[in-house]
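Please find below my notes on the model you sent round. They are set out as numbered points, for checking against the coordinates.

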Amino acid sequence: MLLAEKYAPQKTDDVLGNQELKRQLKRWALNWGRGEKGKPILLTGPTGVGKTTLVNALAKELNLELVQMSASDFRSRERVEKVISGAAMASTLSGKGKVILVDDIDAMAGREDYGGVAAIAAILRENNCPMILTATDAYEKKISSLRFLCDILKMRRSIAPSVAKLLTRIAEKEDIPCPPEKIMEIAQNSNGDIRAAINDLQSCSPGLRDQEKSMFERLTSLFRASTYKEARESAFGDVEHDYLKLWIDENLPAVYSGKDLADAYSMLSRADIFDGRIRSRQHWGFLRYSGDLMTAGVSLSRADLKPRFARYSFPTFLRHMGATVASRATMKSLLSKIGRKVHTPSIHAESFLPIVAYIYAQDPERVSGFYGLEEKETEFLEKFLPKGVNVKKEKKKEKEETKTEKKHEEKKEEKAEGKKEEKKAEAPKKDAPPKKQPHARHSKLSEFF
């Protein structure tokens, strides 16, 4: 049995560090038990900090049934609604309280997830059951719609002395012959990952775990490396191969110049050739050559051992891709709708865009109804119209325009007539001639008749 499982925390106090956060989480769960609903919790922190372990310990301590799910299992809106919504509404067989844990919510926010994040957001708004989501970074753009529906609790890494104290206690109980200096070495090298530290203690050898580095630190060590080993170590750890290559490509001109710059780009282009062969042939053995060329090849191609200081920039390509997310999503949905009607994959449907755009210009209402196009998709489709071709106005719109024009004319006529009547009313009236008074004799005679 692994020691990490044997010594897994049974209550929240057994989890190292984050004292205030543990109190808040426990108070939140107890309030739910009393019927006081609270917002869902978004528990964040770096990998290995103990997010899932803390939730498991909370469920054991409060005797709750834990329904644990991984976000990578949900790749569609239908799947999310079926599983999570069903778990939230159903009662437990044991009659105990329940808490739902969705691990690594930021892992399901990719292009292939087809509305999964939106479906989870809808379930969070209903708030029928206590739910805890975990993520590496709460301010990741992909989960911004979930962030505002949750209370955010951020876990921090445990410090090396605390980890070393825990390892010493375990080593004494298990009679592991490990000197204190080696235990401290394991604790420091674990970078706050307690499970990894316990596993290393079990083998009594510090694992070669690469500590997390920022991209700026990686570039600095790469461009200033003087040996092959130093340059290769800059690519070790939790960093994607293509992502690092884009950063190197963007910042080479800021550090190198002249022949050094040309030689460095030559090495980077050769690395790109090997990456192309990996994609076309699926031969992943070429990855070692690509990695060597883009790190050691680039670093050792310079003649100046002390390159100039530079302020590193974010890759332009990634910035452009981020700015065009909405237009690319519209393009994708438009091609899928056209592809469905013309019975072709959406990849090949792009060749039909000029034809569909021309037909749309002749009869917009009919084409948008046939393909089921939304307003943003029709606007995007108009960009593919040939020069000189304009979209014809719909008949309904023309009728509405004529009606509105007639109404405006009638209103103008009414206003004009009203002004004429006002002028007539305001005109001064001529004084009427005075009435003639009857003669006094006639008035006396009238008294007798």
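The points below cover a pocket, the salt bridges, two backbone angles, a surface patch and two contacts between residues apart in sequence.

1. Status of the model. This is a predicted model, and the remarks that follow should be read as remarks on a prediction.

2. The second largest pocket. Its volume is about 720 Å³. The lining is made up of 30 residues, and those closest to the centre of the pocket are Ala8, Pro9, Thr53, Ile194 and Arg195. Three elements each give two or more residues to this lining: α3 (51–61), α7 (160–174) and α9 (194–203). The largest contribution is that of α3, with 6 residues.

3. Character of that lining. Which classes of residue line the second largest pocket, and how many of each? The lining has 13 nonpolar residues, 10 charged residues and 7 polar residues.

4. Salt bridge between α1 and α7. The structure holds 10 salt bridges. One of them joins the side chains of Lys6 and Glu174, with an N to O distance of 2.7 Å. Lys6 belongs to helix α1 and Glu174 to helix α7, so that distant parts of the chain, 168 residues apart, are linked by this pair. Lys6 has a relative accessibility of 45% and therefore counts as partly exposed. Glu174 has a relative accessible area of 25%, so this residue is partly exposed too.

5. Salt bridge within α2. Arg23 is bridged to Glu20, and their closest N and O atoms are 3.0 Å apart. Here both partners lie in one helix, α2, at a spacing of 3 residues, which is about one turn of the helix. Arg23 counts as partly exposed at 46% relative accessibility, and Glu20 counts as partly exposed at 41%.

6. Salt bridge between α12 and α13. The side chains of Asp275 and Lys245 meet at 2.5 Å, N to O. Because Asp275 lies in helix α13 (residues 258–281) and Lys245 in helix α12 (residues 241–255), the pair ties together parts that are 30 residues apart in sequence. Are these two partners buried or exposed? Asp275 and Lys245 are both buried. The pair also belongs to a network, in which salt bridges with shared partners join Asp242, Lys245, Asp272 and Asp275.

7. Positive phi at Asn18. Most residues other than glycine have a negative phi. Asn18 has a positive phi, near 55°, and is not a glycine. Its place is the loop between α1 (3–6) and α2 (19–33). With a relative accessibility of 16%, under the 20% cut-off, Asn18 counts as buried.

8. Positive phi at Asn63. Asn63 is not a glycine either, and its phi is positive at about 55°. This residue is found in the loop between α3 and β2 (65–70). Is Asn63 buried or partly exposed? Its relative accessibility is 48%, so Asn63 counts as partly exposed.

9. Nonpolar surface patch. Ile355, Tyr358 and Ile359 form a nonpolar patch on the surface, and their accessible area together is about 290 Å². Of these residues, Ile359 has its place in helix α17 (residues 353–362). Ile359 is partly exposed, its relative accessible area being 43%.

10. Ile105 and Ile143. Ile105 is found in the loop between β3 (98–103) and α5 (116–126). Its relative accessibility is 0%, so Ile105 counts as buried. How many residues lie between these positions along the chain, and what separates their C-alpha atoms in space? Ile105 and Ile143 are 38 residues apart along the chain, and 7.8 Å separates their C-alpha atoms.

11. Lys392 and Glu365. Lys392 is found in the loop between α19 (375–381) and α20 (395–426). Lys392 has a relative accessible area of 48% and is therefore partly exposed. In sequence, Lys392 and Glu365 are 27 residues apart, while their C-alpha atoms are 9.9 Å apart in space.

Notes
Residues numbered from 1 in each chain as written. Predicted model: local features only at pLDDT ≥ 70, side-chain atom pairs only at ≥ 80, totals over all residues. Heavy atoms only, no water. 1 Å grid on protein atoms, 1.4 Å probe; cavity = no way out; pocket = protein on both sides within 12 Å on 5 of 7 lines; lining within 4 Å. Points joined across faces, edges and corners; volume = space filled by probe spheres on them. Helix = DSSP H or I, 4+ residues; strand = E, 2+ residues; numbered from the N terminus. Nonpolar A, V, L, I, M, F, W, Y, C, P; charged D, E, K, R; others polar. Patch = residues over 30% accessible without salt bridge, like charges linked within 9 Å, V, L, I, M, F, W, Y side chains within 5 Å. Areas by Shrake-Rupley, 256 points an atom, 1.4 Å probe, with all protein chains shown as cover. Salt bridge = Lys/Arg side-chain N within 4 Å of Asp/Glu carboxyl O. Buried < 20%, exposed > 50% of the residue type's maximum accessible area, 1.4 Å probe, protein only.
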